[in-house]
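Visitor: Could you pick one small part of this structure and walk me through it slowly? I'm new here, and I'd like to see how it ties in with what's around it.

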Amino acid sequence: MSRRYMVAGNWKMNGNRAENAALLDGLLAGAGANAKVEILVCPPFPYLDSVGGRLQGSAVLLGAQNLSEQEKAGAFTGEVQGAMLRDTGCGHVLVGHSERRALYGETDALVAQKYQAAQKAGLTPVLCVGETLAEREGGQTEAVLARQLDAVLDLCGAESFANAVIAYEPVWAIGTGKTASPQQAQDAHAFIRGQLRGRSANIADSTRILYGGSVKADNAQALFANPDVDGGLIGGASLKAADFLAICAAAQSLS
(Lines give C-alpha, C1' and ligand atoms only; values in the text may rest on other atoms or scores of the structure.)
Protein backbone atom coordinates (compact mmCIF):
# COMPACT_ATOMS: atom_id res chain seq x y z
CA MET A 1 0.00 0.00 0.00
CA SER A 2 1.35 3.41 -0.95
CA ARG A 3 1.75 5.84 1.93
CA ARG A 4 2.33 9.54 1.30
CA TYR A 5 5.45 10.96 2.91
CA MET A 6 4.94 13.46 5.70
CA VAL A 7 7.55 15.92 6.98
CA ALA A 8 6.48 17.60 10.22
CA GLY A 9 8.29 20.50 11.88
CA ASN A 10 8.17 20.73 15.67
CA TRP A 11 9.24 24.27 16.52
CA LYS A 12 9.29 23.46 20.26
CA MET A 13 9.66 26.59 22.44
CA ASN A 14 11.21 28.75 19.73
CA GLY A 15 10.22 31.71 17.62
CA ASN A 16 8.61 35.13 17.77
CA ARG A 17 6.36 37.00 15.37
CA ALA A 18 9.19 38.35 13.22
CA GLU A 19 11.13 35.07 13.09
CA ASN A 20 7.98 33.10 12.37
CA ALA A 21 7.03 35.40 9.49
CA ALA A 22 10.46 35.04 7.89
CA LEU A 23 10.43 31.27 8.34
CA LEU A 24 6.96 30.95 6.82
CA ASP A 25 7.86 33.18 3.87
CA GLY A 26 10.73 30.87 3.02
CA LEU A 27 8.74 27.72 3.63
CA LEU A 28 5.77 28.76 1.53
CA ALA A 29 8.03 29.90 -1.30
CA GLY A 30 9.48 26.39 -1.56
CA ALA A 31 6.55 24.21 -0.57
CA GLY A 32 5.15 24.00 -4.09
CA ALA A 33 8.25 22.18 -5.31
CA ASN A 34 7.49 19.40 -2.82
CA ALA A 35 3.82 18.88 -3.62
CA LYS A 36 3.96 15.10 -3.24
CA VAL A 37 4.94 15.49 0.43
CA GLU A 38 2.50 16.38 3.21
CA ILE A 39 4.10 19.23 5.15
CA LEU A 40 3.08 20.05 8.72
CA VAL A 41 4.34 22.73 11.11
CA CYS A 42 3.73 22.80 14.87
CA PRO A 43 4.44 26.23 16.40
CA PRO A 44 4.08 27.15 20.09
CA PHE A 45 0.55 27.84 21.35
CA PRO A 46 0.72 31.69 21.28
CA TYR A 47 1.48 31.67 17.56
CA LEU A 48 -1.04 29.10 16.33
CA ASP A 49 -3.53 31.74 15.26
CA SER A 50 -1.06 33.96 13.38
CA VAL A 51 0.76 31.03 11.77
CA GLY A 52 -2.57 29.46 10.84
CA GLY A 53 -3.65 32.68 9.19
CA ARG A 54 -0.45 32.82 7.18
CA LEU A 55 -0.87 29.21 6.05
CA GLN A 56 -4.49 29.64 5.03
CA GLY A 57 -4.96 28.70 1.40
CA SER A 58 -1.61 26.91 1.24
CA ALA A 59 -0.87 23.20 1.22
CA VAL A 60 1.09 23.42 4.49
CA LEU A 61 -0.79 22.00 7.47
CA LEU A 62 -1.00 23.42 10.99
CA GLY A 63 -0.52 21.37 14.14
CA ALA A 64 -0.05 21.94 17.86
CA GLN A 65 2.61 20.50 20.16
CA ASN A 66 0.35 19.28 22.95
CA LEU A 67 -3.21 19.29 24.26
CA SER A 68 -5.14 18.57 27.44
CA GLU A 69 -6.67 15.19 28.05
CA GLN A 70 -9.75 17.08 29.26
CA GLU A 71 -12.41 17.12 26.56
CA LYS A 72 -14.77 19.69 28.06
CA ALA A 73 -13.97 23.32 28.76
CA GLY A 74 -13.67 24.22 32.42
CA ALA A 75 -11.43 25.02 35.36
CA PHE A 76 -8.13 23.66 34.02
CA THR A 77 -5.82 26.67 34.29
CA GLY A 78 -3.00 26.66 31.78
CA GLU A 79 -4.42 23.80 29.70
CA VAL A 80 -5.52 23.88 26.06
CA GLN A 81 -8.53 21.89 24.91
CA GLY A 82 -8.57 20.01 21.60
CA ALA A 83 -11.62 21.96 20.42
CA MET A 84 -9.66 25.19 20.93
CA LEU A 85 -6.92 23.87 18.69
CA ARG A 86 -9.46 23.01 16.02
CA ASP A 87 -10.84 26.54 16.37
CA THR A 88 -7.41 28.02 15.50
CA GLY A 89 -7.21 25.89 12.36
CA CYS A 90 -5.15 22.96 13.66
CA GLY A 91 -5.71 19.59 12.06
CA HIS A 92 -2.94 17.73 13.89
CA VAL A 93 -1.40 17.62 17.35
CA LEU A 94 1.72 15.98 18.76
CA VAL A 95 0.94 13.55 21.57
CA GLY A 96 3.45 12.00 23.95
CA HIS A 97 6.58 13.73 22.69
CA SER A 98 9.62 12.45 24.59
CA GLU A 99 10.14 15.85 26.20
CA ARG A 100 6.58 15.76 27.55
CA ARG A 101 7.19 12.29 28.94
CA ALA A 102 10.63 13.02 30.40
CA LEU A 103 10.32 16.62 31.58
CA TYR A 104 6.64 16.77 32.56
CA GLY A 105 6.00 13.23 33.69
CA GLU A 106 3.43 12.23 31.09
CA THR A 107 2.68 8.54 31.56
CA ASP A 108 1.67 6.05 28.89
CA ALA A 109 -1.88 6.17 30.28
CA LEU A 110 -2.03 9.98 30.09
CA VAL A 111 -0.63 9.96 26.56
CA ALA A 112 -3.34 7.50 25.55
CA GLN A 113 -5.99 9.78 27.05
CA LYS A 114 -4.59 12.75 25.13
CA TYR A 115 -4.59 10.71 21.92
CA GLN A 116 -8.24 9.87 22.53
CA ALA A 117 -9.12 13.49 23.34
CA ALA A 118 -7.41 14.64 20.14
CA GLN A 119 -9.45 12.31 17.98
CA LYS A 120 -12.69 13.22 19.73
CA ALA A 121 -11.93 16.86 18.92
CA GLY A 122 -11.43 16.01 15.25
CA LEU A 123 -7.65 16.25 15.35
CA THR A 124 -5.16 13.78 13.94
CA PRO A 125 -2.74 12.79 16.71
CA VAL A 126 0.93 12.31 15.92
CA LEU A 127 1.77 9.72 18.56
CA CYS A 128 5.42 9.89 19.62
CA VAL A 129 7.12 6.75 20.93
CA GLY A 130 10.75 5.90 21.59
CA GLU A 131 13.36 4.64 23.98
CA THR A 132 16.10 6.33 26.01
CA LEU A 133 19.79 5.51 25.61
CA ALA A 134 19.74 3.42 28.79
CA GLU A 135 16.75 1.47 27.51
CA ARG A 136 18.40 0.83 24.14
CA GLU A 137 21.68 -0.25 25.73
CA GLY A 138 19.71 -2.50 28.06
CA GLY A 139 18.05 -4.25 25.14
CA GLN A 140 14.65 -2.80 26.05
CA THR A 141 13.84 -0.93 22.84
CA GLU A 142 11.09 -3.28 21.67
CA ALA A 143 9.61 -3.68 25.14
CA VAL A 144 9.37 0.11 25.53
CA LEU A 145 7.81 0.59 22.09
CA ALA A 146 5.31 -2.21 22.71
CA ARG A 147 4.32 -0.75 26.09
CA GLN A 148 3.84 2.75 24.71
CA LEU A 149 1.81 1.51 21.75
CA ASP A 150 -0.28 -0.91 23.77
CA ALA A 151 -1.49 1.87 26.07
CA VAL A 152 -3.10 3.55 23.05
CA LEU A 153 -4.20 0.37 21.31
CA ASP A 154 -5.90 -0.93 24.44
CA LEU A 155 -7.77 2.33 25.08
CA CYS A 156 -8.66 3.35 21.53
CA GLY A 157 -8.30 0.23 19.40
CA ALA A 158 -6.31 -0.45 16.26
CA GLU A 159 -8.90 1.17 14.00
CA SER A 160 -8.17 4.53 15.62
CA PHE A 161 -4.87 4.55 13.71
CA ALA A 162 -6.82 5.07 10.50
CA ASN A 163 -6.73 8.71 11.65
CA ALA A 164 -3.34 8.93 13.32
CA VAL A 165 0.37 9.15 12.59
CA ILE A 166 3.15 7.54 14.62
CA ALA A 167 6.55 9.16 15.14
CA TYR A 168 9.42 6.98 16.33
CA GLU A 169 11.87 9.19 18.17
CA PRO A 170 14.85 7.50 19.79
CA VAL A 171 15.31 9.83 22.77
CA TRP A 172 19.09 9.40 22.62
CA ALA A 173 19.09 10.94 19.13
CA ILE A 174 17.05 14.09 19.82
CA GLY A 175 19.10 17.27 19.91
CA THR A 176 22.29 15.30 20.53
CA GLY A 177 23.61 15.23 16.99
CA LYS A 178 23.40 11.44 17.12
CA THR A 179 21.14 9.77 14.63
CA ALA A 180 19.91 6.22 14.43
CA SER A 181 21.46 4.51 11.44
CA PRO A 182 19.07 3.84 8.56
CA GLN A 183 19.04 0.18 9.62
CA GLN A 184 18.33 1.01 13.28
CA ALA A 185 15.47 3.25 12.18
CA GLN A 186 14.08 0.61 9.85
CA ASP A 187 14.27 -2.08 12.53
CA ALA A 188 12.31 0.05 15.01
CA HIS A 189 9.75 1.09 12.41
CA ALA A 190 9.28 -2.51 11.27
CA PHE A 191 8.71 -3.55 14.88
CA ILE A 192 6.10 -0.80 15.35
CA ARG A 193 4.34 -1.81 12.16
CA GLY A 194 4.46 -5.43 13.31
CA GLN A 195 2.74 -4.46 16.56
CA LEU A 196 -0.04 -2.83 14.57
CA ARG A 197 -0.24 -5.86 12.28
CA GLY A 198 -0.91 -8.02 15.30
CA ARG A 199 -4.15 -6.07 15.70
CA SER A 200 -5.05 -5.21 12.08
CA ALA A 201 -3.16 -5.89 8.85
CA ASN A 202 -4.94 -3.10 6.98
CA ILE A 203 -4.13 -0.55 9.66
CA ALA A 204 -0.51 -1.69 9.77
CA ASP A 205 -0.13 -1.21 6.05
CA SER A 206 -1.76 2.22 5.91
CA THR A 207 -0.37 3.92 9.05
CA ARG A 208 2.47 6.35 8.47
CA ILE A 209 5.45 6.05 10.79
CA LEU A 210 7.79 9.04 10.87
CA TYR A 211 11.37 9.03 12.11
CA GLY A 212 12.33 11.78 14.54
CA GLY A 213 15.88 12.11 15.81
CA SER A 214 18.37 14.64 14.39
CA VAL A 215 17.10 14.39 10.81
CA LYS A 216 19.08 16.70 8.52
CA ALA A 217 19.30 17.33 4.80
CA ASP A 218 22.34 15.07 4.49
CA ASN A 219 20.78 12.00 6.13
CA ALA A 220 17.09 12.39 5.29
CA GLN A 221 17.12 10.49 2.02
CA ALA A 222 18.94 7.47 3.46
CA LEU A 223 16.47 7.34 6.37
CA PHE A 224 13.35 7.88 4.26
CA ALA A 225 14.39 5.27 1.70
CA ASN A 226 13.63 2.50 4.19
CA PRO A 227 10.38 0.66 3.43
CA ASP A 228 8.81 1.38 6.83
CA VAL A 229 9.94 5.01 7.21
CA ASP A 230 7.28 7.40 5.91
CA GLY A 231 8.92 10.76 6.57
CA GLY A 232 10.23 12.68 9.54
CA LEU A 233 9.39 14.64 12.66
CA ILE A 234 11.93 17.44 12.51
CA GLY A 235 13.11 19.56 15.43
CA GLY A 236 16.00 22.00 15.05
CA ALA A 237 16.19 21.77 11.27
CA SER A 238 12.56 22.89 11.00
CA LEU A 239 13.53 26.36 12.25
CA LYS A 240 15.43 27.19 9.04
CA ALA A 241 13.38 27.19 5.87
CA ALA A 242 16.23 26.06 3.63
CA ASP A 243 17.10 23.12 5.89
CA PHE A 244 13.49 22.05 6.31
CA LEU A 245 12.77 22.31 2.60
CA ALA A 246 15.87 20.24 1.82
CA ILE A 247 14.43 17.48 4.00
CA CYS A 248 11.10 17.81 2.23
CA ALA A 249 12.96 17.57 -1.09
CA ALA A 250 14.53 14.30 0.03
CA ALA A 251 11.06 12.87 0.62
CA GLN A 252 9.82 14.36 -2.67
CA SER A 253 12.63 12.63 -4.56
CA LEU A 254 11.50 9.25 -3.20
CA SER A 255 7.80 9.79 -3.87
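Guide: Let's start with a pair: the side chains of Asp 154 and Arg 199 meet in a salt bridge, with 2.9 Å from N to O. Asp 154 sits in helix 7 and Arg 199 in the loop between helix 8 and helix 9, so the pair ties together parts that are 45 residues apart in sequence. A salt bridge here is a side-chain nitrogen of Lys or Arg within 4 Å of a carboxyl oxygen of Asp or Glu. Helices (H or I, at least four residues) and strands (E, at least two) are DSSP runs, numbered from the N terminus.

A word of care: this is a predicted model, where local features need pLDDT of at least 70 and side-chain atom pairs count only at pLDDT 80 or more, while totals for chains, interfaces and linings use all residues. Residues are numbered from 1 along each chain as its sequence is written, and side-chain values use heavy atoms, leaving out hydrogens and water.

Back to our pair. Asp 154 counts as exposed, because its relative accessibility is 57% (exposed is over 50%, buried under 20%, partly exposed in between, using a 1.4 Å probe and protein chains only). Arg 199, at 41%, is partly exposed. Elsewhere, salt bridges that share partners join Arg 3, Arg 193, Asp 228 and Asp 230 into one network.

Step along to Ser 200, in that loop between helix 8 (182-197) and helix 9 (201-206). Ser 200 is buried, since its relative accessible area is 12%. Apart from neighbours within four places in sequence, Ser 200 is in contact (heavy atoms within 4.5 Å) with Ala 158 and Glu 159.

Now for helix 7, home of Asp 154. Helix 7 covers residues 141-156, 16 in number, and runs 23 Å from first C-alpha to last, close to the 22 Å expected at 1.5 Å a residue (that expected span is 1.5 Å times one less than the number of residues). Its buried residues are Thr 141, Val 144, Leu 145, Ala 146, Gln 148, Leu 149, Val 152 and Leu 153. Residues three or four places apart on an α-helix point the same way, because there are 3.6 residues a turn. The buried residues of helix 7 pack against several elements, including helix 4 (98-104), strand 5 (124-129) and helix 8.

Look at Thr 141, also in helix 7. Thr 141 is buried, with a relative accessible area of 11%. Setting aside neighbours within four places in sequence, Thr 141 is in contact with Glu 131, Glu 135 and Arg 136. After helix 7 comes Gly 157, with a positive phi near 85°.

Helix 7 takes part in another salt bridge: Asp 108 pairs with Arg 147, their closest N and O atoms 2.5 Å apart. Asp 108 is in helix 5 and Arg 147 in helix 7, 39 residues apart, so distant parts of the chain are linked. Asp 108 is buried at 16% relative accessible area, whereas Arg 147 is partly exposed at 42%.

What about helix 8? Helix 8 also has 16 residues and spans 22 Å from first C-alpha to last, close to the 22 Å expected. Among its buried residues are Ala 185, His 189, Phe 191 and Arg 193. The buried residues of helix 8 pack against elements including helix 7, helix 9 and helix 10 (217-224).
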